[in-house]
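Work through the exercises below with the model open. Each task is followed by a stepwise solution.

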Amino acid sequence: YDKMKFEFTKENQARIASMLTWYPAEERRGALLPLLDIAQRQHGWLPITAVVAVAELLQIDPMKAYETAKYYTMFYMKPRGKFVVSVCTSTPCYLHGGDELLKACSKMLRLQPGETSKDMQFTLKGDYCLGACVNGPVASVNDDLYEDLTEVSFESILSDLK
Ligand code: FES
């Protein structure tokens with residue numbers, strides 16, 4: 001699936017063209033993360049061909065773009081589920097039961113962290129700080145953040161998604 005052709009939609013091409021006007025020519029590489037994000041949102045995940053397309057647009061080394069994409073946990077280099085469930089396992093959340101929450105999700109979804117269900121509905125992952133540490137344990141589903149979770153409350157959120 002990494003060989004599939006990738007092209008930005010007309011709408012995204014226009015969005016990117018306007019975004020690039022914010023960057024002086026010598027600082028275009030600063031647009032790498034936003035462009036990778038646009039590519040991922042368009043495609044659902046980030047195939048290597050999308051990374052190469054972004055690198056070409058920014059005239060940067062495709063290998064560097066690939067390494068950057070791989071570094072960030074927000075980018076998915078292989079197909080992912082419709083719902084990406086991320087449970088924060090950084091220390092503040094861990095101290096509030098983040099680990100137990102991840103175990104409960106793993107049991108409920110029948111997935112180990114890092115796995116995607118066969119029906120492509122769910123991807124489960126343990127994640128780093130999601131930026132709401134005072135209200136741990138914290139988890140997210142796609143772009144939605146949930147705080148002060150209990151196993152029961154998160155289970156009900158997840159079962160409403162199905
Ligand atoms: Fe969990 Fe920051 S440590 S959100």
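**Exercise 1. Lay out the fold.**
Task: count the helices and strands, and give their order from the N terminus.

Solution. The protein has seven helices and four strands. Helices (H or I, at least four residues) and strands (E, at least two) are DSSP runs, numbered from the N terminus. The order is α-α-α-α-β-α-α-β-β-β-α. This is a predicted model, in which local features need pLDDT of at least 70, side-chain atom pairs count only at pLDDT 80 or more, and totals for chains, interfaces and linings use all residues. Residues are numbered from 1 along each chain as its sequence is written.

Next, the dimensions. The C-alpha trace spans about 50 × 35 × 25 Å along its principal axes. Then the domains. The assignment gives domain 1 (10-71) and domain 2 (83-161); such bounds come from an automatic or database domain assignment. The C-alpha centres of domain 1 and domain 2 lie 29 Å apart.

**Exercise 2. Pair the strands.**
Task: state which way E1 runs relative to E2, parallel or antiparallel, and find the bridge partners.

Solution. Take E1 (residues 83-88) and E2 first: six bridges join them, and they run parallel. Two strands pair if DSSP finds at least two bridges between them. Phe83 has Phe122 of E2 as its bridge partner. Cys88 is matched with Asp127 of E2.

Now turn to E3. E1 and E3 pair in the antiparallel sense, over three bridges. Here Val87 has Ala139 of E3 as its bridge partner.

**Exercise 3. Judge the burial of E2.**
Task: say how many residues of E2 are buried, and which way they point.

Solution. E2 covers residues 122-127, and six of its six residues are buried. Buried means 20 or more other C-beta atoms within 10 Å of a residue's own, exposed means 12 or fewer, and partly exposed lies in between; C-beta atoms are placed from the backbone. Phe122, Leu124 and Gly126 point one way. Thr123, Lys125 and Asp127 point the other way. Across the protein, 25% of the 162 residues count as buried.

**Exercise 4. Read helix H6.**
Task: find which residues of H6 are buried, and what they pack against.

Solution. Start with length. H6 (residues 98-109) has 12 residues and reaches 16 Å from its first C-alpha to its last, close to the 16 Å expected at 1.5 Å a residue. The expected span is 1.5 Å times one less than the number of residues. The buried residues of H6 are Gly98, Leu101, Leu102, Cys105 and Leu109. They cover an arc of only 100 degrees around the axis, so they sit on the same side of H6. The arc is that of the directions from the helix axis to the C-beta atoms.

Their packing partners are E1, helix H5 (91-95), E2, strand E3 (139-141) and helix H7 (151-161). Cys105 gives an example: leaving aside neighbours within four places in sequence, Cys105 is in contact with Val85, Val87, Leu124 and Phe154. Contact means C-beta atoms, placed from the backbone, within 7 Å.

**Exercise 5. Trace the core.**
Task: name the residues that touch the most other members of the largest nonpolar core.

Solution. A nonpolar core is a set of buried Ala, Val, Leu, Ile, Met, Phe, Trp, Tyr and Cys residues joined through C-beta atoms within 7 Å. The largest has 16 residues, and Val85, Val87, Leu101, Cys105 and Ala139 touch the most other members. E1, H6, E2 and H7 each give two or more residues to this core. H6 gives the most, with four residues. A second, separate core of 11 residues includes Leu35, Val51, Ala65 and Ala69.

**Exercise 6. Check the backbone.**
Task: locate the cis peptide bond and the positive phi values of Arg110 and Asn142.

Solution. Recall the background: most residues other than glycine have a negative phi, and most peptide bonds are trans. A cis peptide bond joins Gly136 and Pro137, with omega about 0 degrees. Pro137 lies in the loop between E2 and E3.

Arg110 has phi near 55 degrees and lies in the loop between H6 and E2. Arg110 counts as exposed because it has 10 C-beta neighbours inside 10 Å. Asn142 has phi near 50 degrees, in the loop between E3 and strand E4 (144-146). Asn142 counts as partly exposed because it has 14 C-beta neighbours inside 10 Å.

Key: Two residues are in contact if their C-beta atoms, placed from the backbone, lie within 7 Å.
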